[in-house]
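Me: I should like to go through the reasoning behind several labels attached to this structure. Please set each value against its criterion before drawing a conclusion.

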Amino acid sequence: SAIPVHLDPKQQDYSSSLDAAAAAAAAAGHPVAAVMFTHPDNPTGRLYSRKQISSIVGWCLRSKVHCVSDEIYANSVFSESAQFFSTAHVAQQDASSMEGSQHADDLVHVVFGFSKDFCASGLRLGCLYTKSEALNGGLNNVSYFCSTPAPLQWAVSRMISDEPWLQHFLAENKRRMKEAYNALTGACDAAGIPYQPAEGAMFLWIDLRAAFNTSSSSNSSSSSSS
């Protein structure tokens, strides 16, 4: 079963937090098999920094557990000051200098889909990027029974091959998301509702505790599951 691990956005090295979570899980009889996180984060809309991602990858390689990065919001980063780093790219650059680097191809995986960035949730179309021969072999057997229909694969391949259209669509989508974010945060500011600033995706993590007469804080943390 998945166990949530709360991570401090200000912390750049998550090794100690993951060590503590893994020890607690093992003591409860649930040894960690994988670390899964969404980047940009759901529901805070926050991006992980390159150092944070590298620390997660490094911990997974050192601990010999799978690292699964869900990057379904990768093309929905609307903050001009934020920079998205794919876990696959970070692993490719950093893994060679990490303990357990020989396991990188087998343990680092990235998932992506068209439902968020392309507003196409009804298509149920996604993909997995992995160099794991064992995982690819297993999925090849499964995909025979639940693969994406060939006409849909053809249509989507044509869509993303149209470079001018693709760049225009992604840019316009980000512009509209930023516009919606500014409108919503402006309303929250006017109403005195604290929130966690977002950099991507379509979320705004708000704090309504003051409305229930409890202690209020605008501090928030994102989470991964191990």
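Reply: Axes are lines fitted to C-alpha atoms, for helices over the stretch in contact, and angles run from 0 to 180 degrees between N-to-C directions. The model discussed here is predicted.

Me: Why are H2 and H3 called roughly perpendicular to each other?

Reply: The axes of H2 and helix H3 (residues 87–94) are 10 Å apart and meet at an angle of about 70°. Angles of 65 to 115 degrees count as roughly perpendicular, and H2 and H3 are therefore described in that way. On the H2 side, the contact involves Arg50, Ile53, Ser54 and Val57, and on the H3 side Thr87, Val90, Ala91, Gln93 and Asp94.

Me: What makes Arg50 and Asp94 a salt bridge?

Reply: The criterion is a side-chain nitrogen of Lys or Arg within 4 Å of a carboxyl oxygen of Asp or Glu. For Arg50 and Asp94, the closest N and O atoms are 2.8 Å apart, so the pair satisfies the criterion. Because Arg50 belongs to helix H2 and Asp94 to helix H3, the pair ties together parts that are 44 residues apart in sequence.

Me: How do you know whether Asp94 is buried or exposed?

Reply: Buried means under 20% relative accessible area. Asp94 has 14% relative accessibility and therefore counts as buried. Its partner Arg50, at 25%, is partly exposed, because that label covers values between the 20% and 50% limits.

Me: Why does Asp41 have no salt bridge?

Reply: Arg46 carries the nearest side chain of opposite charge, and it is 5.9 Å away from Asp41. A salt bridge requires the atoms to lie within 4 Å, so this pair does not qualify. Asp41 is nevertheless buried, and is placed in the loop between strand E2 (34–38) and helix H2 (50–63). Its side chain does make a polar contact with the side chain of Thr44, at 2.7 Å; the limit for such a contact is 3.5 Å.

Me: Which residues of helix H7 (residues 163–191) form salt bridges four residues apart?

Reply: Glu172 and Arg176 meet at 2.8 Å, N to O, and Arg175 and Glu179 at 3.6 Å. Both distances are within 4 Å, so both pairs meet the criterion. In each pair the four-residue spacing is about one turn of the helix. Glu172, Arg175, Arg176 and Glu179 are linked in a network of salt bridges.

Me: What makes Arg176 exposed?

Reply: Exposed means over 50%; Arg176 has 53% relative accessibility and so counts as exposed. Arg175, at 42%, is partly exposed.

Technical notes:
Residues numbered from 1 in each chain as written. Predicted model: local features only at pLDDT ≥ 70, side-chain atom pairs only at ≥ 80, totals over all residues. Heavy atoms only, no water. Helix = DSSP H or I, 4+ residues; strand = E, 2+ residues; numbered from the N terminus. Buried < 20%, exposed > 50% of the residue type's maximum accessible area, 1.4 Å probe, protein only. Lys, Arg positive; Asp, Glu negative; His and termini not counted. Polar contact = N/O pair within 3.5 Å; in protein donor to acceptor, adjacent residues only side chain to side chain. Parallel < 35°, antiparallel > 145°, perpendicular 65-115°, else oblique. Contact = heavy atoms within 4.5 Å.
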